[in-house]
There are 4 protein chains.
Amino acid sequence: MPTKKKEPQVTAAAARRRELLDTAAEVFAEQGYNATTVRTIADHAGMLAGSLYYHFDSKESMLEEILRTFLDELWAGYDAVLESELGPRETLEALVTESFREIDRHRAAVAIYQKENRQLAAQERFAFLADSQRRFEKAWLSTLERGVAADVFRPDLDVRLTYRFVRDTVWVAASWYRPGGQHSPEEIARQYLSMVLDGIAVRR
Amino acid sequence: MPTKKKEPQVTAAAARRRELLDTAAEVFAEQGYNATTVRTIADHAGMLAGSLYYHFDSKESMLEEILRTFLDELWAGYDAVLESELGPRETLEALVTESFREIDRHRAAVAIYQKENRQLAAQERFAFLADSQRRFEKAWLSTLERGVAADVFRPDLDVRLTYRFVRDTVWVAASWYRPGGQHSPEEIARQYLSMVLDGIAVRR
Amino acid sequence: MPTKKKEPQVTAAAARRRELLDTAAEVFAEQGYNATTVRTIADHAGMLAGSLYYHFDSKESMLEEILRTFLDELWAGYDAVLESELGPRETLEALVTESFREIDRHRAAVAIYQKENRQLAAQERFAFLADSQRRFEKAWLSTLERGVAADVFRPDLDVRLTYRFVRDTVWVAASWYRPGGQHSPEEIARQYLSMVLDGIAVRR
Amino acid sequence: MPTKKKEPQVTAAAARRRELLDTAAEVFAEQGYNATTVRTIADHAGMLAGSLYYHFDSKESMLEEILRTFLDELWAGYDAVLESELGPRETLEALVTESFREIDRHRAAVAIYQKENRQLAAQERFAFLADSQRRFEKAWLSTLERGVAADVFRPDLDVRLTYRFVRDTVWVAASWYRPGGQHSPEEIARQYLSMVLDGIAVRR
DNA sequence: GATGAATGAGATTTCATTCAT
DNA sequence: AATGAATGAAATCTCATTCAT
């Protein structure tokens with residue numbers, strides 16, 4: 001087994017980093033990014049505020065890494081869906097399900113994203129948020145349009161409005177969803193999809 | 001009995017106050033409450049930071065007044081709907097429509113409410129937010145339950161999940177809605193209701 | 001008389017600014033820029049550290065303004081000399097005399113300049129220091145070269161070395177010169193010039 | 001009696017120490033003592049900041065050792081000159097030449113000394129700097145006075161002013177001198193002496 | 001009503017130093 | 001000898017708030 005000394009250190013350092021980022025994400029989600037002080041994060045991590053700077057450049061760089069990590073994983077999931085070339089309805093179902101899975105895995109990051117996205121995207125450093133949002137919009141809009149063309153989705157709806165409706169509806173769930181609750185992400189996705197696709201009114 | 005001279009002054013002062021609150025609300029909505037400095041508000045109002053304290057006690061009291069004003073009007077509208085004792089579907093339609101009207105009238109306040117609600121509600125001073133939310137939940141839940149009982153809404157719905165679904169669906173619109181755009185609030189309400197009630201899938 | 005209100009405020013504000021910069025310059029010169037805390041400056045100015053930020057953006061911007069103000073005045077003096085097209089020896093005498101006058105007027109700024117110039121010039125923000133130094137070198141070198149060509153200065157000296165010799169010799173004086181002492185700047189200049197031009201050895 | 005194995009280790013350790021001090025001196029000279037972080041020194045030495053503390057007590061103790069080493073060597077040279085009881089002009093020539101040799105050997109230390117001397121001398125720990133400066137002044141002043149008395153230096157000189165002139169003239173060279181350049185220290189000394197003794201003007 | 005200057009508390013960040021491994 | 005992680009003190013800077021004018 002090679003380099004018995006170096007390997008575990010790299011891993012341990014990365015693990016610590018991840019640990020601290022998870023802590024930070026939790027606090028950011030709970031109190032809001034601006035309202036969170038680095039001292040609070042450090043308290044939660046059981047260290048002093050200054051010690052965080054051994055691991056990270058700044059409070060902002062923590063935020064950046066949290067969001068990047070989340071978006072990277074999100075897009076890994078989305079891309080897998082998009083590349084499998086399903087029909088529009090199945091694509092929508094798969095995207096919604098994938099979204100709830102991401103909320104399950106990255107609840108804090110999603111909550112932060114939801115709250116801070118608008119302000120952050122204006123900053124150079126967080127341009128990747130705007131990029132992601134554009135790709136996001138393209139993926140959803142084209143799915144909806146394909147669905148209308150294929151007579152799978154109702155043609156009488158404003159597609160952009162529908163896009164916003166579905167998008168926001170799914171993601172705000174991060175603000176109340178608690179992982180490990182009674183519903184699995186797949187179960188919630190199923191119920192959401194049922195409402196979104198067929199409505200809540202009784203069919204006559 | 002007040003002199004004829006006093007009246008217009010009081011009104012003028014109240015109007016100025018309202019003007020400043022509108023400005024503040026706009027900035028809070030745009031940048032987030034915490035990220036907004038009193039100086040920024042003052043800049044937008046064409047005065048210096050210190051001058052705001054002639055009109056208001058504190059930054060927080062501005063926030064409070066903005067939210068109270070909004071919720072007062074919201075509940076005036078909601079109460080009118082609830083007191084007219086419509087059927088469950090009609091109640092839901094009326095509540096949704098009323099909500100979009102409020103978004104139209106108080107876009108900034110709604111956006112602030114959406115973003116800051118969670119953190120604020122924990123504070124004594126903003127207990128009225130939690131109260132409102134409880135009343136809100138009660139009104140919606142009972143409407144949905146009445147609807148299920150009356151066989152107007154699907155019986156297989158998880159009512160709490162549906163409540164969150166409808167609530168989020170409506171209010172998130174504040175994050176992208178711009179008053180004076182191409183859709184009137186009533187038009188948007190109609191489309192949202194169509195999606196919520198009948199779904200986006202084509203009926204077979 | 002126009003605007004009885006605005007005028008004096010502008011002047012008063014500018015005067016205060018100057019006052020604070022003079023204080024800061026004194027402390028920077030005394031303790032070194034890096035070793036000086038804004039608290040120390042504020043103490044000397046009789047205010048709290050945070051209050052300085054009402055007048056200035058940052059500690060660095062104070063330093064910048066101190067150095068710019070000094071160099072602007074220095075160049076006003078130098079340019080007047082250079083434009084009067086004196087002979088090389090008279091030019092050198094005038095430049096040295098002008099330099100001692102500047103040391104007299106801006107002792108602190110000169111001392112700061114001497115100590116921090118090298119490090120600062122590397123920064124974008126302080127590029128004007130490097131610019132100034134280039135003009136400086138050109139002015140002195142050409143004067144010396146003219147002098148050699150006109151058989152006024154010794155031809156057997158390395159001109160660049162001589163330039164450094166004269167330049168540094170004059171400016172380091174700022175580190176010990178105290179305005180209001182027994183020698184006027186003109187008197188010191190006269191004695192320095194006597195040494196620089198004719199040497200300290202007895203002529204045989 | 002030490003074992004044969006101990007000796008080379010002691011020497012190796014001392015060599016490492018010297019190496020690190022040279023590195024530190026270089027960085028101090030380049031960036032200024034206060035602006036230099038322990039991390040920067042460690043970077044230049046290819047180790048981590050904490051590791052320096054195996055070799056040295058503190059950043060300040062590194063500075064002290066650098067300056068002490070330099071001054072010890074300087075005084076060894078100066079004392080040799082002073083003890084050989086030369087005439088005043090020859091003494092001055094020898095001291096200047098010795099000074100340029102020290103600049104050549106200890107450029108970084110000289111530059112640090114020049115920049116930090118004033119602030120450091122006030123500290124108890126660096127009292128030796130003030131001591132050295134007093135001896136220095138005495139040596140130079142007496143040489144100049146002997147020279148004036150012996151009709152070797154001009155009688156119209158302000159001796160203190162001349163002392164500062166010569167002192168500054170010599171030592172500032174450390175700010176631009178680069179060892180291994182085109183001029184040897186002896187050559188530079190010769191030219192400086194020529195200027196100081198006979199002036200830069202052509203003799204008529 | 002509004003300005004200009006200041007306060008004071010607290011936030012982020014830096015950095016010399018320590019110490020277990 | 002050196003590393004990696006942390007400490008803790010202090011530095012710069014921000015900002016809501018106050019108050020004399």
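Trainee: Do chain A and chain C touch or stay apart, and how do you know?

Mentor: They do not touch: the nearest C-alpha atoms of chain A and chain C are 20 Å apart. To be called a contact, heavy atoms would have to be within 4.5 Å. Keep in mind that this is a predicted model.

Trainee: What about chain B and chain D, and how far apart are their closest C-alpha atoms?

Mentor: No contact there either, with the closest C-alpha atoms of chain B and chain D 33 Å apart.

Trainee: What makes the meeting of chain A and chain B a contact, and how many residues does it take from each chain?

Mentor: Heavy atoms within 4.5 Å are what counts. By that rule, chain A brings 45 residues and chain B brings 46 residues. Putting the two together buries about 4,200 Å², and 56% of that is on carbon and sulfur atoms. On the chain A side, A:Arg154, A:Phe165 and A:Ile200 supply 18% of the area buried against chain B, more than any other three residues.

Trainee: Why is the pair of B:Glu116 and A:Lys115 called a salt bridge?

Mentor: The label needs a Lys or Arg side-chain nitrogen within 4 Å of a carboxyl oxygen of Asp or Glu. The closest N and O atoms of B:Glu116 and A:Lys115 are 3.6 Å apart, which is within that 4 Å cut-off, so the name fits. The count between chain A and chain B is one salt bridge. The polar contacts across this interface come to 25 residue pairs, both residues at pLDDT 80 or more.

Trainee: Which helices of chain A supply the side that touches chain B?

Mentor: Helices α1, α5, α6, α8 and α9 of chain A each supply at least two residues. Helix α8(A) gives the most, with eight residues. Sorted by class, the side of chain A that touches chain B has 19 nonpolar, eleven polar and 15 charged residues.

Trainee: How do you know how chain A and chain B are related?

Mentor: A turn of 180° with a shift of 0.1 Å along the axis lays chain A on chain B, with an RMSD of 0.2 Å. The same surface serves both copies, as 98% of the contact residues of chain A recur in chain B. Within chain A, A:Gly199 comes closest to the rotation axis, its C-alpha at 1.8 Å.

Trainee: What turn and shift lay chain C on chain D, and what kind of axis relates the copies?

Mentor: A turn of 180° and a shift of 0.1 Å along the axis do it, with an RMSD of 0.2 Å. The two copies are therefore related as by a two-fold rotation axis. Of the interface residues of chain C, 96% are also interface residues in chain D, so these copies meet through the same surface. The contact takes 46 residues from chain C and 46 residues from chain D.

Trainee: What makes C:Lys115 and D:Glu116 a salt bridge?

Mentor: Their side chains meet at 3.6 Å, N to O. The cut-off is 4 Å, so a pair at that distance qualifies. One salt bridge is found across the interface of chain C and chain D.

Trainee: Now A:Glu98 and A:Arg101: why is A:Glu98 called buried and A:Arg101 partly exposed?

Mentor: Buried means under 20% relative accessible area, exposed means over 50%, and partly exposed lies in between. A:Glu98 is at 8%, so it counts as buried. A:Arg101 is at 31%, so partly exposed is the right term. These two form a salt bridge at 3.5 Å, N to O. Both lie in helix α5 of chain A, three residues apart, about one turn of the helix.

Trainee: What does the salt bridge between D:Glu73 and D:Arg105 tie together?

Mentor: That one is at 3.9 Å, N to O. D:Glu73 lies in helix α4 and D:Arg105 in helix α5 of chain D, so the pair ties together parts that are 32 residues apart in sequence. In chain A, salt bridges that share partners join A:Glu73, A:Glu98, A:Arg101, A:Glu102, A:Arg105 and A:Glu186 into one network.

Trainee: And how many salt bridges are there over all chains?

Mentor: The count comes to 82.

How values were computed
Residues numbered from 1 in each chain as written. Chains lettered and ligands numbered in written order. Predicted model: local features only at pLDDT ≥ 70, side-chain atom pairs only at ≥ 80, totals over all residues. Heavy atoms only, no water. Buried area = accessible area lost by both parts, 1.4 Å probe. Polar contact = N/O pair within 3.5 Å; in protein donor to acceptor, adjacent residues only side chain to side chain. Helix = DSSP H or I, 4+ residues; strand = E, 2+ residues; numbered from the N terminus. Nonpolar A, V, L, I, M, F, W, Y, C, P; charged D, E, K, R; others polar. Least-squares fit on C-alpha atoms with pLDDT ≥ 70 in both. Buried < 20%, exposed > 50% of the residue type's maximum accessible area, 1.4 Å probe, protein only.
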